[in-house]
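Reader: I'd like to go through this one at the bench level, term by term. Can we start once it's on the screen?

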Amino acid sequence: MRKKIHIIPIIILVILIGAFIYASTYTLKSVEITGCNLSSQEQVKKAVKEKAWMNNTLLLMARNKIGQLDDIPFVAKLDIDYVDKHSVKVEVYEKSVAGCIEYMESYIYFDKDGIVLETSKDRFEGVPYIKGLTVTSWTLGKKLPIDNKKKFEMILSITQLVKKYELDIQGIEFKADGEIVLRHNSIEVEVGDGSNLAIQLMNLGNILKEVDGKTGVLYMKEYSNDNPTASFKEN
């Protein structure tokens, strides 16, 4: 009976050693990443590998179930899927960026509610660049402190409508006289004081298709439900 008692720990030890040896064959060699537009594939890959203790695929998957990775610029969430003992696939879900402004040689990126998401030295394509807005300070995770609240509310309205109607707008500029100009490739879109933004932007996509590839000014200042007309002056 005593011999059996002594054998049990040995059996357990052998099982544990065998399990360790087997687990050690799960070495992470390949990380396939999709979904990076604003975020850096290299930063995502580095973060994933750092989470894989001893470069082990099994330990990576275990840690992934426990919690998210450390903050990565512009990344809201990562989905890590096991492919095989040496490979994983990573789907990147980025934060929803509405626009950016320039501040001390950097760009501040914010969401549809004006919350500061990230700051970067790089200006990324696909994010509207706002001109004519002054900011003296900002805090990550907080709403941009804009003195002109009416102008800021107008910016948020524009960025929300741009996203809703899937418009390709690279810039939003507020002129000194209060007029608003949107920029699409080589076309300036004059939308007036913003009083008819909803109807203007709802129809802007179809109008831009008619002048695609051209350079000039699209006049929509008077565009409204009662006057659904726009004119284009080519440069």
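Reader: Why does S106 count as buried or exposed, whichever it is?

Author: S106 counts as buried because its relative accessibility is 12%, and buried means under 20% relative accessible area, exposed over 50%, partly exposed in between (1.4 Å probe, protein chains only). Before we go on, keep in mind that this is a predicted model, where local features need pLDDT of at least 70, side-chain atom pairs count only at pLDDT 80 or more, and totals for chains, interfaces and linings use all residues. Residues are numbered from 1 along each chain as its sequence is written, and side-chain values use heavy atoms, with hydrogens and water left out.

Reader: Where is S106, and what does S106 touch?

Author: S106 sits in strand β5. Leaving aside residues up to four places away in sequence, S106 touches I101, T119, S120 and K121. A contact here is a pair with heavy atoms within 4.5 Å.

Reader: What makes something a strand or a helix here?

Author: Both are DSSP runs numbered from the N terminus: helices are H or I with at least four residues, strands are E with at least two. On that count the chain has five helices and 12 strands.

Reader: What makes E105 exposed?

Author: E105 is exposed because its relative accessible area is 65%, and the cut-off for exposed is over 50%. E105 is found in the loop between β4 (99-103) and β5.

Reader: What is said about the phi of E105?

Author: E105 has a positive phi of about 65° although it is not a glycine. Most residues other than glycine have a negative phi. F74 also has a positive phi, about 75°, and is not a glycine.

Reader: Where does F74 lie, and why is F74 called buried or exposed?

Author: F74 lies in the loop between α3 (57-66) and β2. F74 is called buried because its relative accessible area is 3%. F74 also belongs to an aromatic cluster with Y109 and F124.

Reader: How many aromatic pairs are there, and what makes two rings a pair?

Author: The structure holds five aromatic pairs. Rings of Phe, Tyr and Trp (its six-membered ring) pair if their centres lie within 6.5 Å; planes under 30 degrees apart count as stacked, over 60 as edge-to-face and the rest as tilted. One of the pairs is Y107 with Y129, at 6.0 Å centre to centre and 75° between the planes, so it is edge-to-face. That pair links distant parts of the chain, with Y107 in strand β5 (residues 106-110) and Y129 in strand β7 (residues 129-131), 22 residues apart. Y107 and Y129 are both buried.

Reader: Why is T215 called partly exposed?

Author: T215 has 35% relative accessibility, so it counts as partly exposed. T215 is in the loop between α5 (197-210) and β11 (216-219). Not counting residues up to four places away in sequence, T215 touches S186, F232, K233, E234 and N235. The C-alpha atoms of T215 and N185 are separated by 8.2 Å, with their positions 30 residues apart along the chain.

Reader: And what about I80 and E166, buried or exposed?

Author: I80, in strand β2 (residues 75-84), counts as buried because its relative accessibility is 5%. E166, in the loop between α4 and β8 (171-174), counts as exposed because its relative accessibility is 73%.

Reader: How much of the chain counts as buried?

Author: Of the 235 residues of the chain, 39% count as buried.

Reader: What makes something a pocket, and what lines the largest pocket?

Author: On a 1 Å grid over the protein atoms alone, a pocket is an open set of points where a 1.4 Å probe fits, with protein on both sides within 12 Å along at least five of seven lines; lining residues have an atom within 4 Å of a point. The largest pocket is lined by 20 residues, and V97, A98, G126, P128 and K163 lie nearest its centre. Helix α4 (residues 149-164) gives the most to that lining, with three residues.

Reader: What is the volume of the largest pocket?

Author: The volume is about 390 Å³, taken as the space filled by probe spheres set on the grid points, which are joined across faces, edges and corners.
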